[in-house]
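Please follow this explanation with the coordinates open, taking the ligand site, a helix pair and the interior space in turn.

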Amino acid sequence: MGFAMATRNPYPKEETASERWARFKPIVTGDDYLESLRKRPIDLFLFGELITNPVDHPIIRPSMDAMKATYDLAIEDPELATAESPLIGKRVNRFLHIVESPHDLVMKNRMQRRLGQMTGTCFQRCAGHDAFSMLHSITYDIDRKHGTSYHQRFIDFMKLAQTNNVILGAGMTDPKGDRSKRPSEQADPDLFMHVVRRTKDGLYVRGAKAHMTGGFNSHWICVMPTMNLTEADKDYAVVGLVPADAAGLTFIYGRKSCDTRAMEEGDIDKGNAKYGGQEALVIFDDVFIPREHVLMDGEYKFAQEMVSRFTSYHRASYVCKTGLGDVLTGAAATIAEYNGVEDASHIKDKLVEMTHLNETIYSSAIASSHEAKPQASGIYMNDPMLANVCKQNVTRFPYELSRLAQDIAGGLVATLPSQKDFENEVIGPLLEKYLKGRSNVPVEHRARLLRLIENMTLGCNAVGYLTESMHGAGSPQAQRIQILRAMEVEKKKSFAKQLAGVISNMPGEIEK
Ligand code: SF4
């Protein structure tokens, strides 16, 4: 038995793969994309209410518009945001392109930085791209070991995904329950996603995926394990492709600092009125996955390698934050001008420091892509060490960039009166008089820049710029473990000993 969740979903639970695909209409423009999200019978809850029109909901829509930017950019700058797909012999959105070379990964990073500059937030589409990059090689390797046919299923799926220009989201993080216990040891087995039933046509999964980025804004969700697994966890070793509007799914929207400002009139206090991120807890109540969309079922020994390959891609994808860093550095430089302090040497130095930190993130990401190596399936994968260094930088540097931006902005970034106060006929003129900075800059411009800095460093989009930087694609310790595993310290010791004239087997030295 599944959970007792309400559902208004009319689709049959045991939909076949072709029935599922028949529901998708090919998308060309960003407006087509928004249209594709309308009238889907999905149970989505926000503030304890079932949301019937999420596309026009003021809190949800900015997240859809951020995703829409990935379609818009493909039309505005096809060189950057599309690529020639050998699978279907056409140009496709770069977020659907299988990476065939280090150059493809470099171009992806450049596109991610550009999208960060355009939206100032998480545009939510990279985890899906990184999931199918990983799936290309892992399904190939599982087939070679077990004689399964996952790779061909994956290729068939990708051809349809490219033809229909749909978005694939990724569901990796399980709620995890008691962290000291393995999935099969949990008091509640549903704290990690697992197979509850198999039939000749497919299988049923139950559990939840936490903090899912842009899952509701996607058309498909790829569910996959979150950690290494043992034989006892075999039913947790499942990878499957599920439509975001499949029967049995329930989305519970994560709330953010200052999120209800989106429901207020006026756009100034929102800081970034156009774009936002999206995270949700997604419940899978015995969701059916037809056989054609199952890409792993029980091959638990591949789980750790799968997670490791996914993170090699995804930790370099955090180059996205350099686009946000560009916006924040620009906001800090602008507010310095509005305050009349742009020529102060310490302001210039702080802007240099912000740029240095931001470009350090970029350099580790782009180096990781340049150093990508081919996998047996023919796909390229980011250099794992440099990808982990990139993400480790991202867990720290945006916080320092934020501190510097707030330093430059001054205390008003946190004490500015509301837009309604500025519009009030009694106090509005007083605010205009006393909150004036440089005489030729309208007070409203100053307020807008302060609100943008607030939005990114402690408001709604601080989730995307800061907390997501900390915990997305694995919390800081996860990268340090990977760096520890790959840092080849013995090799480095031998370099040092050789130069220092230390002979390894010297009496009294203990060999490791
Ligand atoms: Fe992409 Fe960055 Fe958002 Fe992850 S955090 S989905 S890498 S924009």
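In sorting residues by character, Ala, Val, Leu, Ile, Met, Phe, Trp, Tyr, Cys and Pro count as nonpolar, Asp, Glu, Lys and Arg count as charged, and the others, Gly among them, count as polar. The model discussed here is a predicted one, and that sorting can be applied to the shell around its ligand, which divides into 5 nonpolar, 3 polar and 2 charged residues. The residues concerned are C122, F123, Q124, C126, H314, S317, Y318, C320, K321 and E468. Helix 8, spanning 303–317, and helix 9, spanning 320–339, each supply at least two residues of this shell.

We turn next to a pair of helices. Two packed helices are described by the angle between their axes and by the distance between those axes. For helix 16 (residues 443–457) and helix 17 (residues 462–471), the packing angle is about 35° and the axes lie 5 Å apart. The contact is made by N455, M456 and T457 on the side of helix 16, which meet A462, Y465 and L466 of helix 17; the residues of this contact divide into 4 nonpolar, 2 polar and no charged.

There remains the question of empty space: how many cavities of 30 Å³ or more does the model contain? The count comes to 1 cavity of 30 Å³ or more, and the volume of the largest cavity is about 60 Å³. The largest cavity is lined by D174, F192, M193, K209, M224, P225, T226, M227, L229, Y236 and V238, a lining that divides into 8 nonpolar residues, 1 polar residue and 2 charged residues.

Note on methods:
Residues numbered from 1 in each chain as written. Predicted model: local features only at pLDDT ≥ 70, side-chain atom pairs only at ≥ 80, totals over all residues. Heavy atoms only, no water. Near = heavy atom within 4 Å. Helix = DSSP H or I, 4+ residues; strand = E, 2+ residues; numbered from the N terminus. Axes fitted to C-alpha atoms, helices over the stretch in contact; angles between N-to-C directions. Contact = heavy atoms within 4.5 Å. 1 Å grid on protein atoms, 1.4 Å probe; cavity = no way out; pocket = protein on both sides within 12 Å on 5 of 7 lines; lining within 4 Å. Points joined across faces, edges and corners; volume = space filled by probe spheres on them.
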